[in-house]
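Grab a pencil and get ready to work through a few exercises on one protein. Try each task yourself before you read the solution.

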Amino acid sequence: MTDARVLMRQQARQQRRALLARERDHATAAINSRALALFGASAQRIAAYMAVASELSVAPLIDALLADRRQLYLPKIAADRSLVFARWRGDSRHLQTNAFGILEPTSAASECVHASALDAIVVPLVAFDSQCQRLGSGAGFYDRALHHRLHSQGAPMLIGCAFDCQQVDVIPSAPWDVALDFVVTETQIVRRSAVWPTG
């Protein structure tokens with residue numbers, strides 16, 4: 001299974017990198033718009049991520065959430081190597097690059113919370129399937145942070161954002177894999193469950 005997941009990551013990243021600039025720009029705009037429409041008024045504490053390498057950028061979504069006065073959080077690797085979420089108010093001076101080359105809030109930026117304290121999280125991914133199973137980068141930070149969602153519905157709502165080309169037939173599941181509630185692409189919104197309302 002491990003080899004299959006490694007190969008799947010390689011192939012999905014190749015597909016993502018192969019997108020032409022105009023295709024990427026058009027798809028990115030559509031995905032961010034679709035994702036924004038998923039947040040109801042009750043979702044006030046929302047986490048997103050800063051894209052790295054060929055990852056889909058959710059910067060337009062972040063800007064829209066900040067403009068709508070939502071409380072925006074970004075993932076941060078804590079001293080014990082757990083993943084927490086730090087409040088960020090949009091000031092780039094309060095960002096720093098972590099050991100993985102990803103921008104995260106500085107230690108002095110604001111309060112940190114655990115995933116269970118959030119209403120929704122926009123989760124990065126490398127590949128996904130029609131059951132909203134997610135294949136991440138392989139470090140396991142999100143799966144550990146979201147362990148409480150492993151066998152249950154409930155907060156936070158989990159939304160993956162990806163290009164269509166990142167969809168695969170079936171992701172070989174591991175016992176620790178936490179499925180998403182939605183995956184938003186440029187042409188579809190894949191729903192794992194009817195539990196979550198949209199709009």
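What follows is a set of exercises with worked solutions, based on a predicted model.

**Exercise 1. The overall build**

Task: Find out how many helices and strands the protein has, and work out why its radius of gyration does or does not agree with that of a compact globule.

Solution:
- Step 1: Start with the secondary structure. The protein has four helices and twelve strands.
- Step 2: Now the radius of gyration. A compact globule with 199 residues would come out near 16 Å, and the protein has 16 Å, so the two agree.
- Step 3: Look at the extent of the C-alpha trace. Along the principal axes it spans about 40 × 35 × 35 Å.
- Step 4: Check how the chain comes together. Take the contacts between residues at least 6 apart in sequence: 69% of them join residues at least 24 apart.

**Exercise 2. Inside and outside**

Task: Describe how much of the protein is buried, what its surface belongs to and how its charges are placed.

Solution:
- Step 1: Of the 199 residues, 48% count as buried.
- Step 2: The accessible surface comes to about 9700 Å², and carbon and sulfur atoms account for 52% of that.
- Step 3: Next, the charged side chains. There are 21 positive and 18 negative ones, and the centres of the two sets lie 3 Å apart.

**Exercise 3. The cysteines**

Task: How many disulfides does a search of the whole structure find?

Solution:
- Step 1: The search turns up zero disulfides.
- Step 2: Take C165 as a case. Its nearest cysteine sulfur belongs to C161 and is 14 Å away. A disulfide needs the two sulfur atoms within 2.5 Å, so this pair doesn't make one.
- Step 3: Now place two cysteines on the accessibility scale. C165 has a relative accessible area of 22%, so it is partly exposed. C112, at 42%, is partly exposed too.

**Exercise 4. Two loop residues, I171 and W88**

Task: Is I171 buried or exposed, and which residues does it touch? Then do the same for W88: buried or exposed, and in contact with what?

Solution:
- Step 1: Locate I171. You'll find it in the loop between β10 (157-161) and β11 (182-184).
- Step 2: Its relative accessibility is 4%. Buried means under 20%, so I171 counts as buried.
- Step 3: List its partners, skipping residues up to four places away in sequence. I171 touches R5, M8, A127, F128, D129, Q133, R134 and L135.
- Step 4: Pick out F128 from that list. F128 and I171 are 43 residues apart along the chain, yet their C-alpha atoms are separated by 6.9 Å.
- Step 5: Move on to W88, which sits in the loop between β3 and β4 (95-97). With a relative accessible area of 7%, W88 is buried.
- Step 6: Leaving aside neighbours within four places in sequence, the contacts of W88 include M50, I62, L66, Y73 and P105.
- Step 7: Try a distance for W88 as well. W88 and L61 are 27 residues apart along the chain, and 14 Å separates their C-alpha atoms.

**Exercise 5. Arginines with a positive phi**

Task: What is the phi of R69 and of R81, and where in the protein do R69 and R81 lie?

Solution:
- Step 1: Recall the background. Most residues other than glycine have a negative phi.
- Step 2: R69 has a positive phi of about 65°, even though it isn't a glycine. R81 also has a positive value, near 70°.
- Step 3: Locate R69. It belongs to the loop between α3 (59-67) and β2 (71-77), and at 73% relative accessibility R69 counts as exposed.
- Step 4: Locate R81. It's in the loop between β2 and β3 (83-87), and at 48% relative accessibility R81 counts as partly exposed.
- Step 5: Look for the partners of R81, again not counting residues up to four places away in sequence. R81 touches F100, F141 and R144.
- Step 6: Finish with a distance. R81 and F141 are 60 residues apart along the chain, and their C-alpha atoms are separated by 8.3 Å.

Definitions and conventions
Residues are numbered from 1 along each chain as its sequence is written. This is a predicted model: local features need pLDDT of at least 70, side-chain atom pairs count only at pLDDT 80 or more; totals for chains, interfaces and linings use all residues. Side-chain values use heavy atoms; hydrogens and water are left out. Buried means under 20% relative accessible area, exposed over 50%, partly exposed in between (1.4 Å probe, protein chains only). Helices (H or I, at least four residues) and strands (E, at least two) are DSSP runs, numbered from the N terminus. The radius of gyration is taken over C-alpha atoms; the globule rule is 2.2 Å times the number of residues to the power 0.38. Contact means heavy atoms within 4.5 Å. Accessible areas come from the Shrake-Rupley method with a 1.4 Å probe; for residues, only the protein chains shown count as cover. Lys and Arg count as positive and Asp and Glu as negative; His and the chain ends are not counted. The place of a charge is taken as NZ of Lys, CZ of Arg, CG of Asp or CD of Glu.
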